[in-house]
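Trainee: Could you take me through one part of this model in detail? I would like to look closely at the second largest pocket, and then at whatever else helps to place it.

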Amino acid sequence: MLNRKFIPILVTIGLFAVMLAAGSFRYTGFFSLQVVFNLLIDNAFLLVVAVGMTFVIISGGIDLSVGSMIALTTMISASLIQEHGMPPIVVIPIVLVIGCAFGWAMGAIIHYFKVQPFIVTLAGMFLARGLCYIISLNTITINNSTYTAIAQTKVTLPGGSFISINVIIALIVVLLAIFVAHYTRFGRNVYALGGSEQSALLMGLPVARTKIGVYVVSGFCSSLAGVIYTFYMLSGYGLHAVGVELDAIASVVIGGTLLTGGVGYIAGSFFGVMIYGVIQTIISFQGTLSSWWTKIVIGLLLFVFILLQRVLSARRSTVKS
Amino acid sequence: MINMIDRQPILQMSGIYKSFPGVRALKGVDFRLFAGEVHALMGENGAGKSTLIKTLTGVYSVDEGKVLLDGKAIRPQSPQDAQEVGISTVYQEVNLCPNLTVAENIYIGREPRRFGIIQWKEMNKNASALLSERLSLHIDVSLPLQSYSVAIQQLIAIARALSISAKVLILDEPTSSLDRNEVQQLFAIMRKLKNEGLAILFVTHFLDQVYEISDRITILRNGEFVGESLADNLPRIELVSRMIGKELNLLEEMPKSQHEEHAESDDIWVEASNLGRTGAIEPFNLVIRRGEVVGLAGLLGSGRTEIARLFFGADRADQGKLKFAKSSEAIRSPRDAISQGIGFCPENRKIEGIIDDLSVRENIILALQATRGWFRTINRKRQDEIAEQYIGTLNINPPNPEHLVKNLSGGNQQKVILARWLLMQPELLILDEPTRGIDVGAKAEIQKLVMSLSKRGTSVLFISSELEEVLRVSGRIAVLRDRRLVKEIEGQDISPHHVMQAIAGG
Amino acid sequence: MNRIMKHHLFWPLTMLGALLLFNLFHSPDFFSIKMQGGHLYGNMIDILNFGAPLILVAVGMTLVIATKGIDLSVGSIVAIAGAMSCMTISKGEDQNSLSLVLMAVGLALVLSLVLGLWNGLLVTGAGIQPIIATLILMVAGRGIAQLITDGQIITLSSPKYAYIGTGSLATLPFSIFIVAVVFAAASLLTRKSALGLFIESVGTNPQASRLAGIRSNIVIVAVYMFCGLCAGIAGLLLSSNVSSADGNNAGLWYELDAILAVVIGGTSLNGGRFYLSGTLVGALMIQTLSTTIYSVGIAPEITLVVKAFVVLAVCLIQSESFRKAVIRRWKTRHYPGEKEVTRHA
């Protein structure tokens, strides 16, 4: 018997395969390893954000601040490097720590003052965007040699195709996250928290630490995504990554994670991001289709997945009662 | 049998006091529990059972009193603390995570790890072994908990407790959502664990189950210790009378139903035939005549509220039907019931009755307005008149129609809900524990009100934990036991002894 | 004094007053209103005029939030309504024909109602949490808006359409009248019919409302439709203001500003009692904040930082745990379990 909890993620993987196959069938030059790698190259930052978002959503929360956090990270990095002449080796840890601290503060308010995550991270989103403009209203271009070197490095793989450093970072994050989610106590506590906070408390799990920790992870991931984004864009700007929080949430949901918490997989989010990328690629290959179709298709997929989850959970509760 | 004299109880609670703002929940309660015994804790609503259990499991702190476990004083500050010293609880609502696997639910927080890495194989192996050896349960432990029935989930909760090496296992109404076979499965396991030397504290509302499984019974009433006795030495009827708080001889002197005063009509208003809902109440037949007060008597959890909810359409019946004398429409929702002329004051007024944020006036007119729709509004002047009128007749305090209902005392909130339904001039008014938490004067007022309603031709379905009250107001009493309607007692036959015997059964 | 402080408008009005006072000291001519060519000009008029779309969206959002819901899709509906009306007009032969403009407005508003209905059905029919249900349209909506305009920014030359957002009536901007009408309609609908009572009842205690015989599904669907309609009107105002439709940027962040206005106005995100007048003040405060920052000469983008702190402050004040936290400091011992259990009891 097929375990029902795997249905959403199997649907996701199947969808990805079908889309890839359909694209290859329809467009010449679509099916190459490089196209798949380009998906990774263009969406490396989204992948990292989605990983953090997956933890948050599994725990039963939501984080709207991730897009702004990326922008803030690009801005701080650019400012410290260009205007204060600090070396990247110092700057990158600084921005990562800032990301964690930001996440910690939001998590603490959510947990201790019982304010809805939605509203706290909304404030965080405003704050991070606003702080970007306090640093500068304009784009700061980065011409630091380390950054440009990382941005331009192509890691050639056997077979002639290549990936970027960003992809390597993102894949490491994904693998690490899968490990954390399934093989550490923190990871399992996140699932428990999303399943039932009340039960988690009565079972003696460290609810406060886990809940706040989830937002720290998300803060860390979004600032790391910001670092990747800086490599990708080689600039800091307050309008970078607008709306990425929605892309991330959509990818996570399409990846089979339950928006109400408790159920989901990091690997699912990986395929969610890939589906997102494939849609964009197909639309660009099609030529006649315009980019806004991405949003409509994503909205449609969101609808289908949310409905699918709703049906599955409804059936589950009738089985129980 | 077991020799009592040279045995020390594993758990001894003595002189336990616990107060909450405005309530003294426990007044010097004693309780002891022996290893290798199932001990039933009995009491009606407000007796202090759940407070006692919560002080034991560290959810509440004790104001005064001593708790000895194995002769050592303990003072658990949290459920985890209690677990660590060996006291584990399994609740009616399974307090596990439905999304995690069975094995995880048993071991979460204590997973076997190597270098910080969770060893899933080892964990699954341990869980399988634990379940099959101690609970004779052979299931796939790598599936999520939610793929199993509530009965199995409860056993898994017990397994979790055992794996933390429990000395005392508290089962808080574990059988409420189980069917007969599942209960037997649970009892078999309880007997096995008991024979292995575990001390089990068992809370249930089902009398049959108490006598089937328990060795010893402790009775609480109104936060006080009433008595402890071996189950074999305590006749059912005595247990019931001590729970309800009337000695048998005193009961005989209680006032009889005052219902003979007015003419009985044979005019059937509604008839429930074979009405039932799986897991809530077994199919029953009940007739309610015009102007009649029908009392529902039975212990807490015996199915009283469930009957009321079926009549009102708050829960959907899955078999049988309600037949109204005047129309043939079925009741599918509270709206249907209201249009048939039924009103319902629910037992849990905070959750199902009052709308906290609204004023007394708004709460009173709510149901009437709901039947009138959006646009046929009741003008403000009329609303004020209505509110003033009911504040006056029901003596609602403070007498301010604009006071927010959440700031009223429980008794006054109850009166507001009563006013809401009286305003509808219902043909059948269902009152589920209308006098709970209300002072004596107000109780008498409500009882008087029920009588006068009945005189005016309104039928009343009256539910109360206080037998005295049910006896006083009802013209007919339907007695419930263990979710079954077991007996109907009418007119001259209504006597405390009769009712009590029917409640006790056996 | 205590009674004044407890009034729901006390805090919003105080904040608004403080802002205005600051402006008075910073630039004394902030309040001056000039008459020029039959129109009134001045900062105060601007605040009302530019604040009009936000007030509209926030009024709809107030009712949704009162039912314990939330509507994240209003920004998208703003864009769709603008796109729909501009598209209809741009397809016409005579862009300035009254019947064409009326048809465009009608089409846009009907579409907004349908989108509201969609949200309402997802919430009631499919039983999806409001925040998730409306997220779908939030994501897809901008795509739909661009689909309608074919990805172009449509520019119109239709004075009649432009009148909606830029025209003036009796020396005042026409948009102020639109807001006044919608606001009055919402107030009348909720206070003179029983709808307001039902909304508050359903939002406070859905279970008890059902037992009192209220048809909560119909109430909830109606509220989402009204919210969609409000957002649609706001979309017309915004697109008419600039005589163009931009599917990508029209109404961006409106959902967040509207929620902020509602929360500042004293309506709790947990549903129940709602205050349309509070929302009005809240929306005006947000607009005044933008105007102030602009007139002080700070970059308008920095408004976001101020908003962030306002959101936090308001939510913390509304949070019971936060208020209790201050008291709890003096308690020597506490039982974490006790807190939890009473919360869940």
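Mentor: Happy to; what follows starts at that pocket, then turns to the enclosed cavities, a sheet and a covered helix. Please keep in mind that this is a predicted model.

The second largest pocket holds about 1,400 Å³ of space. Its lining counts 41 residues, and those closest to the centre are Leu252(C), Trp253(C), Tyr254(C), Asp257(C) and Ser290(C). Which helix gives the largest share of this lining? That is H13(C), with 6 residues. Several other elements each supply at least two residues, among them helix H5 (117–135) of chain A, and helix H3 (43–66), helix H4 (74–91) and H14 of chain C. By class, the lining of this pocket divides into 22 nonpolar, 13 polar and 6 charged residues.

One residue of H14(C) deserves a stop. Thr303(C) sits in helix H14 of chain C, which covers residues 303–318. Is Thr303(C) buried or exposed? Its relative accessibility is 6%, so Thr303(C) counts as buried. Leaving aside residues up to four places away in sequence, Thr303(C) touches Leu289(C), Ser290(C) and Ile293(C). Ser290(C) was also named among the residues closest to the centre of the second largest pocket.

Now for the enclosed spaces. How many cavities of 30 Å³ or more are there? The count comes to 7, and the largest cavity has a volume of about 210 Å³. Its lining is made up of 17 residues, with Leu202(A), Gln83(B), Thr89(B), Val90(B) and Tyr91(B) nearest the centre. Helix H2 (79–85), strand E6 (87–90) and helix H5 (150–163) of chain B are the elements that give two or more residues to this lining. E6(B) gives the most, with 4 residues. By class, the lining of the largest cavity has 11 nonpolar, 5 polar and 1 charged residues.

Elsewhere in chain B there is an open sheet of 6 strands with mixed pairing, in the order E17-E18-E19-E15-E20-E21. Why is one side of E17(B) and of E21(B) left without a neighbour in the sheet? These two strands, at 342–345 and 484–490, stand at the edges and have a single partner strand each, so one side of each stays unpaired in the sheet. On average, neighbouring strands of this sheet are turned by 15° against each other, direction ignored. Within the sheet, E18(B) (residues 428–432) and E19(B) (residues 459–463) pair in the parallel sense over 5 bridges; Leu428(B) has Ser459(B) of E19(B) as its bridge partner.

Two helices of chain B meet this sheet. Helix H10 (residues 304–312) lies across E15, E17, E18, E19, E20 and E21 of chain B, and runs at about 145° to E17(B). Helix H18 (residues 496–504) of chain B packs on the sheet as well, touching E15, E20 and E21, with its direction at about 25° to that of E20(B).

Last, chain A offers a mostly covered helix. In H11(A), residues 244–254, 10 of the 11 residues are buried. Among them are Val244(A), Glu245(A), Leu246(A) and Ile254(A). After H11(A) comes Gly256(A), with a positive phi near 95°.

Methods. Residues numbered from 1 in each chain as written. Chains lettered and ligands numbered in written order. Predicted model: local features only at pLDDT ≥ 70, side-chain atom pairs only at ≥ 80, totals over all residues. Heavy atoms only, no water. 1 Å grid on protein atoms, 1.4 Å probe; cavity = no way out; pocket = protein on both sides within 12 Å on 5 of 7 lines; lining within 4 Å. Points joined across faces, edges and corners; volume = space filled by probe spheres on them. Nonpolar A, V, L, I, M, F, W, Y, C, P; charged D, E, K, R; others polar. Pairing = 2+ DSSP bridges. Axes fitted to C-alpha atoms, helices over the stretch in contact; angles between N-to-C directions. Contact = heavy atoms within 4.5 Å. Buried < 20%, exposed > 50% of the residue type's maximum accessible area, 1.4 Å probe, protein only.
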